[in-house]
Amino acid sequence: MKRGKKLDPSAKILAGVVLGAAAGAICGPRISWIEPIGTLFIRLLTLMILPLVFSSLFVGTASLGDVKRLGRIGAKTLLFYLVTTLIAILIGLGCVNVIKPGLSLKGEVKERLLSGTNATLPAEAVSTVKGHPLGETLLDIVPANPVKAFLEVNLLQVIFLAILFGVAVTFLAKEKGEPLLRFFESLNEAVGAVIGIVMNMAPYAVLALIATLVGRFGSAILLPVLTYILTVAIGLVLHTLVVLPLSVQLFGGIGFLNFLRQMKEVILLSFTTSSSSASLPLTMEAVENRLHVPAYVSSFVLPLGATINQNGTALYQAVAAVFIAQIYGLPLTLAGQATIVLMAALASIGTAGDPSA
């Protein structure tokens, strides 16, 4: 008897999403007993984040060899990340100002959402909240204690350390820098092997995560803020279907549909985990092996992007800020919305890549 054709990993993950949603809807809160399966999966991936980010960035930076080459790649990368983040924020502001989801919350629905909150909070917040100066935000990237940076999983500081030591190795004589480079190359390979093992449980973990969420909250809890959710979704769709295809076509020389086919597993995993960090290992594997991006480029660009190029987070934060202002009836001038652009950009850079952070 011939064996049936095996499902590819992305089909298994998608099946996990569908089955998880169905199980959560049918069983309700009782389905929460399977949540530890999803939690274990996330923890195993999270366990690999620090060694993966540090080793891959160190190897990627040190392998460039030429500091000028690193500067060129770094400058282009940061410029691209900054531009796409600002575009995402502007798309979010456009959607929230046109749709005005906060104004759709009236009467009993509004009272229900605001129950248990301090009605004077917005006025107090406006008068007392102080933003961090840009200089202080930049200084925070440089850790005073490298051990603390690792213990607190401060990815921006870990990235800074990895790049700093990677650059330092390029100044060393080959016989002195080579052993350190080989060590981190081996560490990077070992981390990849562990991630490969962990990914075998992805379909079951995704099923557990989706089932638990649907079972615990249900769809009714989302109805009062459906307009808000749709506003964010419309902004994300516009960014995904306009900005990203143009970026892939112009800078990558690859058709967007082909890009989606090559990255489908990464997209599904990102959707179900809501984590740029959790999906980073699979992203690096797909980019290097399917899109054939050189390892020295992907090892530098992707870990950096997983932390500072969070376009969806920036868009969401801009929509959320205006949405809350609309609920409380706080007028936002053009200058106020310009402040939201700046703060959303900085906040998205500092947002952790943890699941649903």
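Here follows a short exchange on a predicted model and the terms used to describe it.

Reader: What makes up the secondary structure of the protein?
Author: The protein has 18 helices and zero strands.

Reader: Why is Arg30 called exposed?
Author: Its relative accessible area is 65%. Exposed means over 50%, so Arg30 qualifies.

Reader: Where is Arg30 found, and what does its side chain reach?
Author: Arg30 is in the loop between helix H1 (9-27) and helix H2 (35-47). Its side chain reaches the backbone oxygen of Cys27 at 3.1 Å. The limit for a polar contact is 3.5 Å, and 3.1 Å is within it. The C-alpha of Arg30 is also separated by 8.7 Å from that of Thr212, 182 residues apart along the chain.

Reader: Why is Cys27 called partly exposed, and Cys95 buried?
Author: Cys27 has a relative accessible area of 28%. That value falls between 20% and 50%, so Cys27 is partly exposed. Cys95 has 9%. Buried means under 20%, so Cys95 is buried.

Reader: How many disulfides are there, and what rule decides?
Author: The count is zero. A disulfide needs a pair of cysteine sulfur atoms within 2.5 Å. By this rule, the model has zero such pairs.

Reader: How do you know that the span of H9 is close to the expected one?
Author: Helix H9 (residues 155-171) has 17 residues. The expected span is 1.5 Å times one less than that number, which gives 24 Å. From first C-alpha to last, H9 reaches 25 Å. The two values are close.

Reader: Which residues of H9 are buried?
Author: They are Leu155, Leu156, Gln157, Val158, Ile159, Leu161, Ala162, Gly166, Val167 and Val169. Each is under 20% relative accessible area.

Reader: Why is H15 called largely enclosed by the rest of the structure?
Author: Seven of its 10 residues are buried, so the description follows. The buried residues are Leu280, Pro281, Leu282, Thr283, Met284, Ala286 and Val287.

Reader: What makes the phi of His292 worth a remark?
Author: His292 has a positive phi of about 60 degrees although it is not a glycine. Most residues other than glycine have a negative phi. His292 is in the loop between helix H15 (280-289) and helix H16 (295-308). His292 has a relative accessible area of 62%, over 50%, and is therefore exposed.

Reader: What about Lys100: which phi does it have, and why is it called partly exposed?
Author: The phi of Lys100 is near 55 degrees, positive in a residue other than glycine. Lys100 is in the loop between helix H4 (67-99) and helix H5 (107-114). Its relative accessible area is 39%, between 20% and 50%, so it is partly exposed.

Reader: What makes a set of residues a nonpolar core, and which residues have the most contacts inside the largest one?
Author: The members are buried nonpolar residues joined through side-chain atoms within 4.5 Å. The largest such core has 52 residues. Phe41, Val53, Phe58 and Met199 have the most contacts inside it. Helix H3 (residues 49-64) gives the largest share of this core, nine residues. Apart from it lies another core of 21 residues, among them Leu93, Val232, Val322 and Ile327.

Reader: Which residues does Met199 contact, beyond its neighbours within four places in sequence?
Author: Met199 is in contact with Phe41, Leu45, Leu269 and Leu282.

Technical notes
Residues numbered from 1 in each chain as written. Predicted model: local features only at pLDDT ≥ 70, side-chain atom pairs only at ≥ 80, totals over all residues. Heavy atoms only, no water. Buried < 20%, exposed > 50% of the residue type's maximum accessible area, 1.4 Å probe, protein only. Helix = DSSP H or I, 4+ residues; strand = E, 2+ residues; numbered from the N terminus. Contact = heavy atoms within 4.5 Å. Polar contact = N/O pair within 3.5 Å; in protein donor to acceptor, adjacent residues only side chain to side chain.
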